[in-house]
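Subject: Structure handover

Hello,

Here is the structure I promised to pass on. Please open it alongside this message.

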Amino acid sequence: MSFYYNLCSSSSGNASFLGDAEGGILFDAGVGIRNFKKLLEAAGLTPDSVRAIFLTHEHSDHVKGLEAISCRHGIPVYGTEATLRSLLDSGRLSGSQEIQVLDGPARVCGYEIHPFPTSHDSPGSVGYRVHTPDGVTAGICTDLGYVSQPVLQGILGCDFVMLESNYDEEMLETGPYPYFLKKRIAGRQGHLSNRQCAETLEKLIRSGTRQIALAHLSEHNNLPQLALESATDYLARQGIRQGDDYEIDVLPKVSQGKVTVLAC
Ligand SMILES: [Zn+2]
Ligand SMILES: [Zn+2]
């Protein structure tokens, strides 16, 4: 039985686990080593449960605990060549851990992990489509300016999708960020707004997705309730009903231990 567990999700730190009782994969390591252990324990997991770390990209909110966690616990690190190169060149990865360059699908303890490119201001950034040993398909997709064709192909038809719902367009527009930053976030290599997320969810649910997790909410330009309502209201207007047609969670900034059992 595969499950998804979000350790933390926001603009200040991202890490989530997908696996089963035998072990699984950590997607991103934007969590300090002590919190890593503590948050795993909250869900009955230990560092030994983590068999590999797959990186989406090299921004600090995704890699800040990477060096310490991978070295201390002997966990191999998987990423695209550009992501790994940037981390090694900047000294954020020492190279003393096992490093695997992703140039196609990979297999870790029965999980098949397919990377797909995302449009973000970080070279080699990717999302992942995962096939679990018990036949579930899951999509992991954050940090993208828009939903490109490869992204849509990557997540369409997944049973479970964790998708970024980064900002509310009005909050960003009227919020405290300087103009250049607003432009970056709303740009083609920035982040997905609640509206862009909701429009994508419609396509996903029509393709068979039943479990949704809204991820990577901005702390300044979004609110959990706003992200949730923006999705459910939009979907309701398309005749798609929460409960009947899909289940949805907003991932908390830091987990309280809630695990989502994945079903196909
Ligand atoms: Zn991020
Ligand atoms: Zn990023």
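Below are notes on one helix, then on a sheet and the helices against it.

Please keep in mind that this is a predicted model.

Helix 4

Helix 4 covers residues 81–89. Its buried residues are Thr83, Leu84, Ser86 and Leu87. Viewed down the helix axis, they fall within an arc of 160°, so they line one face of helix 4. What do these buried residues pack against? Their partners are helix 2 (60–63), strand 5 (77–79) and strand 6 (99–101). Glu81 and Asp89 are exposed, and they sit on the face of helix 4 turned away from the buried side. Just after helix 4 comes Gly91, with a positive phi of about 80°.

The sheet

An open sheet is built from seven strands. Their order is 7-8-9-10-11-12-13, with mixed pairing. Which strands are at the edges? They are strand 7 (106–108) and strand 13 (247–250), each pairing on one side only. From one strand to the next, the twist averages 20°.

Look next at strand 10 (residues 137–141) and strand 11 (residues 160–164). They pair in the parallel sense, over four bridges. Cys141 stands opposite Leu163 of strand 11.

Helices on the sheet

Helix 8 (residues 194–206) packs on the sheet. It touches strand 11 and strand 12 (211–215). The direction of helix 8 makes about 165° with that of strand 11. Helix 9 (residues 224–237) lies across strand 12 and strand 13. It runs at about 155° to strand 13.

Best wishes

Methods. Residues numbered from 1 in each chain as written. Chains lettered and ligands numbered in written order. Predicted model: local features only at pLDDT ≥ 70, side-chain atom pairs only at ≥ 80, totals over all residues. Buried ≥ 20, exposed ≤ 12 C-beta atoms within 10 Å, placed from the backbone. Helix = DSSP H or I, 4+ residues; strand = E, 2+ residues; numbered from the N terminus. Arc of directions from axis to C-beta. Contact = placed C-beta atoms within 7 Å. Pairing = 2+ DSSP bridges. Axes fitted to C-alpha atoms, helices over the stretch in contact; angles between N-to-C directions.
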